[in-house]
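Reader: I am new to reading protein models. Could you take me through one part of this one closely, and then show me how the rest fits around that part?

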Amino acid sequence: MSSSINLQQVFKYLDSTNSGSISKADLPKAIRYFGIIKTQNDFNYLLKDLPEQISYEQFEKIINDEKANSISKEQLLQAFQIFDENKTGKCSAKELFHALSVIGEKLNENDIEKIKKISEVDGEGKIDYTKIVDILISS
């Protein structure tokens, strides 16, 4: 997605008044154009110290920094595929939730419960992780 979109095109599109700057309120939309996954809390943190208007140079730096520190949809899917033994797009809910509580940046029980609510565990104890990824991407 991001390879076909360039920074100047996105900036120009968002700069509808041709002022040479965009509103910081437009930044989340721009970041999503590049397929960068961010939560609302991430956006709030990013935007809190920015000026109301952002120049192209600032925009370029922000987007490049975010790209360097982001995970793509494909990378997120690959991470879930570790738990998908049969390559079906589903994985064991029990195994996944255990891993989320002990590996890497461990999730607390409250976060795991939120994921369980959106996961829709099927009768075989499996979840369709592609739906979780889509929710994470669109949030």
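Author: Start with Asp122. Asp122 is partly exposed, at a relative accessible area of 25%. That label follows because buried means under 20% and exposed means over 50%. Keep in mind that this is a predicted model.

Where does Asp122 sit? Its place is the loop between α7 (109-119) and β4 (126-128). Now look across to Lys90. Asp122 and Lys90 are 32 residues apart in sequence. In space, their C-alpha atoms are 9.6 Å apart.

Move on to Ser92, in strand β3. Is Ser92 buried or exposed? Ser92 is buried, because its relative accessible area is 18% and the limit for buried is under 20%. Its partner to look for is Gly125. The two are 33 residues apart in sequence, yet 6.0 Å apart in space, C-alpha to C-alpha. Ser92 is also in contact with Phe83 and Lys126, as well as with Gly125, once neighbours within four places in sequence are left aside.

Such long links in sequence are worth checking across the protein. Take the contacts between residues at least 6 apart in sequence: 61% of them join residues at least 24 apart.

Step back to the overall plan. The protein has eight helices and four strands. From the N terminus, the order is α-β-α-α-β-α-α-β-α-α-β-α. Of its 139 residues, 30% count as buried.

Next, look at a pair of helices. Two packed helices are described by the angle between their axes and the distance between the axes. Try this on α1 (7-14) and α4 (residues 56-68). Their axes come within 11 Å and cross at roughly 125°. The two helices are therefore oblique to each other. The crossing of α1 past α4 is right-handed. Which residues meet there? From α1 come Leu7, Gln8, Val10 and Phe11. From α4 come Tyr56, Phe59, Glu60, Ile63 and Asn64. This contact of α1 with α4 divides into six nonpolar residues, two polar and one charged.

Phe59 and Ile63 turn up again in the largest nonpolar core, which has 18 residues. Along with Leu27 and Ile31, they touch the most other members. Which elements give two or more residues to this core? They are α1, α2 (27-33), α3 (40-47) and α4. In soluble globular proteins, nonpolar side chains tend to be buried together.

Follow Ile31 outward. Leaving out residues up to four places away in sequence, Ile31 touches Ile36, Lys38, Phe43, Leu46, Ile63 and Glu66. Apart from the largest core lies another core, of 14 residues. Among its members are Ile37, Leu76, Phe80 and Tyr129.

Finish with two loop residues. Asn18 lies between α1 and β1 (21-23). Lys87 lies between α5 (73-81) and β3 (90-92). What is phi at these places? Asn18 has a positive phi of about 55°, although it is not a glycine. Lys87 is not a glycine either, and its phi is positive too, near 55°. Asn18 is exposed, with a relative accessible area of 63%. Lys87 counts as exposed as well, at 62%.

Methods. Residues numbered from 1 in each chain as written. Predicted model: local features only at pLDDT ≥ 70, side-chain atom pairs only at ≥ 80, totals over all residues. Heavy atoms only, no water. Buried < 20%, exposed > 50% of the residue type's maximum accessible area, 1.4 Å probe, protein only. Axes fitted to C-alpha atoms, helices over the stretch in contact; angles between N-to-C directions. Parallel < 35°, antiparallel > 145°, perpendicular 65-115°, else oblique. Left-handed = near helix turned anticlockwise from the far one by under 90°. Contact = heavy atoms within 4.5 Å. Nonpolar A, V, L, I, M, F, W, Y, C, P; charged D, E, K, R; others polar. Core = buried A, V, L, I, M, F, W, Y, C linked by side-chain atoms within 4.5 Å.
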